[in-house]
Structures are given as structure tokens and as C-alpha cells.
Amino acid sequence: MTSEPVVVAPGRRRVYWHTALSLVVLVGTVCLAQRHWPVLERGAVRLAVADQGWLLVGGTAAAATWVCAALAQQGAVVRHLPQGRLVAAQFAASAANHLLPAGLGAGAVNLRFLMRCGLSAGRAATALAVKGTAAAVVRVVLVVALALACPGVLRLPQLPGAILVALLAAVVCAAGVLAWPRCRRALAAVAADIRAVHANPPRAAALWGGSLAFAALHALVLIAVTQAVALPLPPARVALLYLAASSAAALLPTPGGLGSLDAALAFALTTAGAPAAAAASAVLGYRLLTVWLPLVPGLVVLGVLVRRKAL
């Protein structure tokens with residue numbers, strides 16, 4: 001009796017690679033945390049005696065991000081979606097996003113929700129792409145606007161020639177992938193959905209307004225925490241540092257940016273002149289409000305939606 005070789009599906013193979021890379025980043029983060037444990041400990045103590053009023057503002061802003069995510073998702077779909085279940089799905093997606101790498105958790109939850117609402121798999125996928133495109137455009141616009149308002153905060157690094165060649169090669173490879181017929185068809189579907197959404201002014205307003213408010217509220221969470229721990233940085237600069245750090249952290253596909261975003265935020269705040277302990281307090285507070293406090297309730301909501309076959 002001969003055993004047949006096990007064939008791993010391409011999609012599952014990508015998940016394996018993403019998971020392996022996530023584990024590497026998380027292990028590196030744990031090592032850095034052990035190395036800088038005294039700073040983290042002082043940051044936790046400082047957060048424990050922080051201004052509770054500002055922390056309440058940050059918690060309120062964090063809760064409002066789920067409503068904004070629901071608004072942006074509705075704006076990416078011409079069909080009307082059930083509002084209550086839509087907000088609940090965004091809450092559940094935020095929890096699932098911290099269990100799987102590279103946003104796979106949130107994408108899977110939203111994809112299943114849209115399909116349960118009657119959209120085909122292709123339409124649901126293009127709706128997620130439309131939402132993601134709007135979010136990326138809004139983030140770029142905000143970074144440019146804040147960089148002009150806070151000159152000198154962001155500095156382009158001097159990259160060696162080898163890195164520039166590698167980046168150019170990556171751009172060429174990306175162009176080659178986009179030229180693939182299947183990718184062209186997918187891009188054409190996304191473009192068609194974008195045109196359909198913008199032919200409906202309320203949907204376009206929801207898409208762009210929700211995307212803008214989502215990014216702004218996440219920045220507001222960090223601003224509120226920095227105010228709570230008396231971190232000596234202007235709010236506009238903190239918002240710019242958050243947007244730049246979160247964009248850089250997105251290049252590393254860890255679950256919910258755990259590890260990569262924490263390191264990027266701490267580095268950005270300390271580089272801008274914040275004391276190390278205050279920067280650690282700000283990062284810990286931001287994570288507490290956006291990840292750890294909502295995580296268990298989000299997973300409960302996810303389980304309820306699955307049980308009721310809303311996902």
C-alpha cells in the first residue's frame with residue numbers, strides 16, 4: 001500500500017508562512033521586552049496613576065472606531081446592510097484580527113458577514129478591497145497634511161544602494177503581478193464597484209467619512225493616552241507619529257500589529273523626544289484600550305454571530 005503525498009493548498013501555505021513570520025516577530029518582541037523590562041515596568045506604573053478622564057476619552061474613541069468601520073463597510077456596498085449586525089461584525093472582526101496574521105481574521109469575518117447578507121464571494125471580496133483602498137488613500141492624505149503642519153517630524157532615511165535596488169525590483173515584480181490577467185480582472189471588478197459606490201452620494205460619503213473617522217479616532221486614542229500620562233508632545237505630532245508608525249508596522253504581518261506596532265510606536269515617540277517610560281506608558285495604554293479590554297467581549301460577540309449563523 002503506497003501513501004500519497006500530502007498536497008498543501010496555496011492559500012493554506014500562505015497562512016503558514018504568515019503565521020511563521022508572525023511568530024518570529026512576536027519572539028523578537030518578547031526578547032526586546034525582557035531586555036527593556038525596567039522601562040516597561042516604570043511605564044506600567046505611570047499608566048496606573050494616569051489621568052482617568054483622558055483615559056475615558058481614549059476608551060470612548062476606541063469604541064467609536066467600530067461604528068466608523070461599520071460606516072465605511074456600508075459605504076463600500078451599494079446594497080443596504082443590517083446596521084446592528086454590521087456593527088457587531090466589526091467588533092467581532094477587531095477581536096479576530098488579533099488572532100490571525102496580516103488582517104486575515106478581520107477579512108474573514110467581514111467576508112463571511114457580507115456573504116450572509118446576500119453578496120456573492122466575488123462581490124464581498126471587492127467590497128473589502130474598496131474599503132481597504134479608501135482607508136489607504138485617507139491614511140496617505142492625513143500623513144501628508146500632518147507632515148506639512150508639523151515640518152521636520154518625518155525624515156526620509158538615507159537608504160543604501162542595495163536597498164533601493166531591492167525596492168525597485170519589488171515594484172517591478174508587483175507590476176508584473178498586476179499585469180496577470182486574473183489580477184486585471186480583479187482590479188476591473190474593484191474599479192466597477194468604486195464607480196457604483198460613487199454614483200450613490202450617501203454611500204460615497206459613508207465610505208470616505210467612515211474611513212477618515214476611523215483613522216482619526218485611532219490617532220485620538222493615542223493622543224488621549226499621551227495626555228493622560230503627561231507626555232510632552234503636541235497632539236498633531238502624536239497623530240502624525242501614530243499614522244506613520246502604524247503604516248510602517250503594517251509591513252510586518254503580525255496579528256493586529258502586535259509587536260510590530262508596539263515597537264514602531266515606542267520608537268517614534270522616543271525619537272520625537274518623549275521619555276522612554278512615558279512612551280512605554282502611552283503604548284501600553286493604547287494597546288489596553290484598543291486590544292486587551294475589547295478582546296474577550298469581541299470573541300464572545302464573534303461566537304454569538306457564528307452560532308446565530310450571521311457569519
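The following paragraphs lead through the cavity, the side-chain contacts, the cysteines and the backbone of this predicted model.

The interior is a convenient place to begin. A search of the whole structure yields one cavity of 30 Å³ or more, and the space within the largest cavity comes to about 30 Å³. Its lining consists of Phe-91, Ser-94, Ala-95, His-98, Thr-290, Val-291, Pro-294 and Leu-295. Two helices, H4 (83-96) and H12 (276-307), each contribute at least two residues to this lining. Helix H12 provides the largest share, with four residues. In terms of residue class, five of the lining residues are nonpolar and three are polar, while no charged residue takes part.

Phe-91 leads from the cavity to the aromatic contacts. The whole structure contains two aromatic pairs. In one of them, the ring centres of Trp-66 and Phe-91 are 4.5 Å apart and the ring planes meet at 50 degrees, so the pair is classed as tilted. Because Trp-66 belongs to helix H3 (residues 52-75) and Phe-91 to helix H4, this pair ties together parts that are 25 residues apart in sequence. Phe-91 has a relative accessible area of 15% and is therefore buried, the limit for that class being under 20%. Phe-91 thus appears both in the lining of the largest cavity and in the contact with Trp-66.

The other aromatic pair is formed by Tyr-242 and Tyr-286, whose ring centres lie 5.7 Å apart; with an angle of 55 degrees between the planes, this pair is also tilted. Tyr-242 is in helix H10 (residues 235-249) and Tyr-286 is in helix H12, so that the pair links distant parts of the chain, 44 residues apart. Both tyrosines are buried: the relative accessibility is 4% for Tyr-242 and 3% for Tyr-286.

Helix H12 also takes part in a charged contact. The structure has one salt bridge, in which the side chains of Arg-287 and Asp-262 meet at 3.1 Å, N to O. Arg-287 lies in helix H12 and Asp-262 in helix H11 (residues 260-271), a link between distant parts of the chain that are 25 residues apart. Both partners of this salt bridge, Arg-287 and Asp-262, are buried. Helix H12 accordingly recurs in the lining of the largest cavity, in the pair of Tyr-242 and Tyr-286 and in the salt bridge.

The cysteines can be treated briefly. The structure holds zero disulfides. Cys-68 is buried, at a relative accessible area of 11%, and Cys-150 is likewise buried, at 13%.

The backbone presents a further topic. Most residues other than glycine have a negative phi. Against that background, Ala-230 has a positive phi near 55 degrees. Ala-230 occupies the loop between helix H9 (201-228) and H10. Its relative accessibility of 55% places Ala-230 among the exposed residues, since that class begins over 50%. Lys-309, which is not a glycine either, has a positive phi of about 60 degrees. Lys-309 is located in the segment after H12, and Lys-309 is exposed, with a relative accessible area of 60%.

Conventions
Residues numbered from 1 in each chain as written. Predicted model: local features only at pLDDT ≥ 70, side-chain atom pairs only at ≥ 80, totals over all residues. Heavy atoms only, no water. Disulfide = S-S within 2.5 Å. Buried < 20%, exposed > 50% of the residue type's maximum accessible area, 1.4 Å probe, protein only. 1 Å grid on protein atoms, 1.4 Å probe; cavity = no way out; pocket = protein on both sides within 12 Å on 5 of 7 lines; lining within 4 Å. Points joined across faces, edges and corners; volume = space filled by probe spheres on them. Nonpolar A, V, L, I, M, F, W, Y, C, P; charged D, E, K, R; others polar. Phe/Tyr/Trp six-rings, centres within 6.5 Å; stacked < 30°, edge-to-face > 60°. Salt bridge = Lys/Arg side-chain N within 4 Å of Asp/Glu carboxyl O.
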